[in-house]
Amino acid sequence: MINKVLVTGGAGFIGSWLCKHLNDNNQHTIVLDDLSFGKKSNLKILSDYTFIEGSILDEPLLDEVPWDQITQVYHLAALGDVHDSLDNPKKYMNVNVTGTHNILEKCREFNIPFLMTSTCMVYGLHAQYEEATINGIAEHHNTLPVSPYGASKLSAEQLAISYHYGYGCSIKIARPFNTYGPHQATNNKEGGVIPIFLQKALNNKDLMIFGDGTQNRDFLYVKDCANFLYKFMNSQNAPLILNAGTGKTISILDLAKKIVTSSSSSIHMQDHPHPQSEIMVLKCNSDLAKSTLNWESQYTLDQGLAENKQWISEQQND
Ligand SMILES: NC(=O)c1ccc[n+]([C@@H]2O[C@H](COP(=O)([O-])OP(=O)(O)OC[C@H]3O[C@@H](n4cnc5c(N)ncnc54)[C@H](O)[C@@H]3O)[C@@H](O)[C@H]2O)c1
């Protein structure tokens, strides 16, 4: 029988590529998404899926999901904007914590393995400690989130871990670092820094950097992320928590310089809206994913940027 796998947030950026990876591995996906940020057009890359439109906060709707046919749950539905979370913390607690709790309850009731995408933002200030800036921050390092987004994901993680120890549920917690690629929004409000910069450069518009651009990030291409989530879910010997990143960092200023090379855009600095919540270095140590899953990122930054740029220009010409 073909497995039916539920992906909450499956119409979103990472979720849609994860669903494609699942289809490519002969798994039928059930996508549950309220389309608050996801798009139906992201599902065009899929070959075998069922779509349920609705919120993970809608308990009557959740009762209608065919849980008895589902063999695995990938939980990606969440709100993910650090700045917005500082302005609107309550909705992050609702969706990211209460929403996760609703999905965990169903997994407990129907005995379904659960994997959630947490985030590197749970490490927060600890990512800046010297050892973490050299060898990368690893799973055993402490967490110290600096935004309600990071705190809500850490709370959801802790809840999931309590379901593992308290009820014997199968729980996996993935902490991807900054992920980028096609399907990520290019607008300033919802987008990631790479698609925003690429789109501006393609249109010869200026690139704006928050702060002085010395923030360093470890950028993971979305197809590498999808492969990581799939391998993690299907591993028998993985630990509860795993990081995913490349182990290489680039400053936002160097990223901007790389992206503007073939355009007439210039680079400008602007005041940071929330300087107290900026993390200056986020570098991943994914040795544990390598040793337990035999997973490593395959895309170089240049390869990922080229694919992402190609996709953005195709969208513009559509
Ligand atoms: N993009 C990154 O760099 C990154 C890095 C680490 C972790 N993550 C995590 O990965 C997951 C996916 O993030 P993404 O970047 O693809 O963002 P995204 O916004 O594209 O995906 C989230 C999806 O969840 C859906 N959603 C939001 N609230 C919902 C609700 N109440 N009910 C049902 N669906 C809802 C949205 O419509 C969207 O499709 C999130 O959990 C995020 O925290 C993202």
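Let me begin with a definition: Ala, Val, Leu, Ile, Met, Phe, Trp, Tyr, Cys and Pro count as nonpolar, Asp, Glu, Lys and Arg as charged, and the others, Gly among them, as polar. The structure before you is a predicted model, in which local features need pLDDT of at least 70 and side-chain atom pairs count only at pLDDT 80 or more, while totals for chains, interfaces and linings use all residues. Residues are numbered from 1 along each chain as its sequence is written, and side-chain values use heavy atoms, with hydrogens and water left out.

I turn to the ligand. Its shell divides into 13 nonpolar, 11 polar and three charged residues. In total, 27 residues surround the ligand (each has a heavy atom within 4 Å of it). The closest are Ile-14, Asp-33, Gly-38, Tyr-149 and Lys-153. Two helices, α1 (13-24) and α6 (148-167), each supply at least two residues of this shell; helices here are DSSP runs of H or I with at least four residues, numbered from the N terminus.

Which polar backbone atoms lie by the oxygen atoms of the ligand? A backbone N or O atom of Gly-12 lies 3.2 Å from a ligand oxygen. For a polar backbone atom of Phe-13, the distance to an oxygen atom of the ligand is 2.9 Å, and for one of Ser-36 it is 3.3 Å. Taken alone, the ligand exposes 820 Å², of which the protein buries 89% (accessible areas come from the Shrake-Rupley method with a 1.4 Å probe; for residues, only the protein chains shown count as cover).

Note on methods: Polar contact = N/O pair within 3.5 Å; in protein donor to acceptor, adjacent residues only side chain to side chain.
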